[in-house]
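Me: Please take a close look at the aromatic pairs of this structure, one of them in particular. Which residues take part, and how are their rings placed?

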Amino acid sequence: MSRTALGLPEQPDTWSWPEERWRPIVEKVRAGRSLKPETWPGGARCAVALSFDSDHETQTLRWGDSSPGRLSQGEYGSRVSVPRILALLARYDIPATFFVPAVVAMLHPEEQRAVVDHGHEIGIHSWIHELNSALPPDVERDLQMRAADTLEQIGGQRPVGIRTPSWDFSQHTLAITREMGLLYDSSLMADDDPYEILEDNQPTGVVELPVEWIRDDAPYWAMDRFSGLRPYTPPSGVLEVFVREFDGAYQENSLFLLTMHPHFIGHRSRLQVLEELIRHIRSHAGVWFATHADVARYCRDQAGL
């Protein structure tokens with residue numbers, strides 16, 4: 001059966017490409033030297049960086065969808081989930097990073113101020129959760145810069161890091177990030193530990209805090225009633241994955257970075273997963289909870305960047 005019959009795109013004739021065509025594609029954005037420090041602050045054995053992508057209504061708006069039902073799922077993220085998350089983090093005195101699309105900040109300015117007032121970091125997460133790889137370079141640049149300005153205006157702090165929406169990193173994203181003088185990115189997956197990003201084989205000084213779909217709540221709990229996309233993993237199963245990922249990071253004196261979405265993790269049965277995970281982590285000696293910015297700064301400084 002052909003790929004078209006299976007609903008898959010046809011493969012381009014990449015087998016005919018000469019090396020001078022495929023190699024620059026691969027080497028445009030690449031992992032450079034590891035920035036894993038010899039020790040974490042205070043002699044900690046493991047760094048833990050919790051993050052929340054506050055996509056809210058933009059998960060619907062980015063497709064031009066005006067469905068009140070879909071929008072209400074995003075609204076739940078702000079109305080119910082974020083207050084629950086902030087209360088949980090305060091209970092355990094844990095700092096976190098919230099990546100926020102500019103449109104979400106405009107829809108929910110008080111939420112962003114509450115995040116900052118609780119001592120958390122706000123990072124860039126697009127304008128309206130657009131896909132960077134579908135944008136002309138000048139449009140991507142304008143949106144990323146305007147998003148940073150909007151977050152600063154509403155939240156009162158200038159973002160120093162970015163996570164691209166859906167981790168969609170274009171051939172131009174890094175150049176824009178460098179032009180803006182950002183400290184770090186958290187969208188790429190070449191390692192478990194922080195590393196310096198290369199552009200065209202040249203060091204950039206930009207710290208990468210790697211993500212992974214395994215350490216993301218969305219693949220386990222996303223739901224679309226009009227497709228075959230259904231939550232298939234119970235809370236206990238997700239907890240087991242996250243616990244095993246932390247345990248591995250702890251054994252390796254490494255970084256444990258977790259990506260969550262308020263409209264997923266903020267439901268009652270799922271927030272219990274986060275609390276149980278926090279308790280498990282807290283049962284280990286020598287753990288440093290930090291924002292993404294704090295992790296990136298520490299790794300940069302230790303490496304002498």
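Reply: What follows describes one aromatic pair and then a charge placed over another ring. The model is predicted, so local features need pLDDT of at least 70 and side-chain atom pairs count only at pLDDT 80 or more, while totals for chains, interfaces and linings use all residues. Residues are numbered from 1 along each chain as its sequence is written, and side-chain values use heavy atoms, with hydrogens and water left out.

Eight aromatic pairs turn up in a search of the whole structure; rings of Phe, Tyr and Trp (its six-membered ring) pair if their centres lie within 6.5 Å. In one of them, W40 and W288 are 6.1 Å apart centre to centre, with 35° between the planes, which makes the pair tilted (planes under 30 degrees apart count as stacked, over 60 as edge-to-face and the rest as tilted). W40 lies in the loop between strand 1 (29–34) and strand 2 (46–53), and W288 in strand 10 (residues 287–289), so the pair ties together parts that are 248 residues apart in sequence. Strands are DSSP runs (E, at least two residues), numbered from the N terminus.

Both W40 and W288 are buried, that is, under 20% relative accessible area with a 1.4 Å probe, protein chains only. Together with Y298, W40 and W288 form one aromatic cluster.

Another ring, that of W127, has the charged end of R146 over it, 4.4 Å from its centre. A charge sits over a ring if NZ of Lys or CZ of Arg is within 6 Å of the ring centre and within 35 degrees of the ring normal.

Key. Helices (H or I, at least four residues) and strands (E, at least two) are DSSP runs, numbered from the N terminus. Buried means under 20% relative accessible area, exposed over 50%, partly exposed in between (1.4 Å probe, protein chains only).
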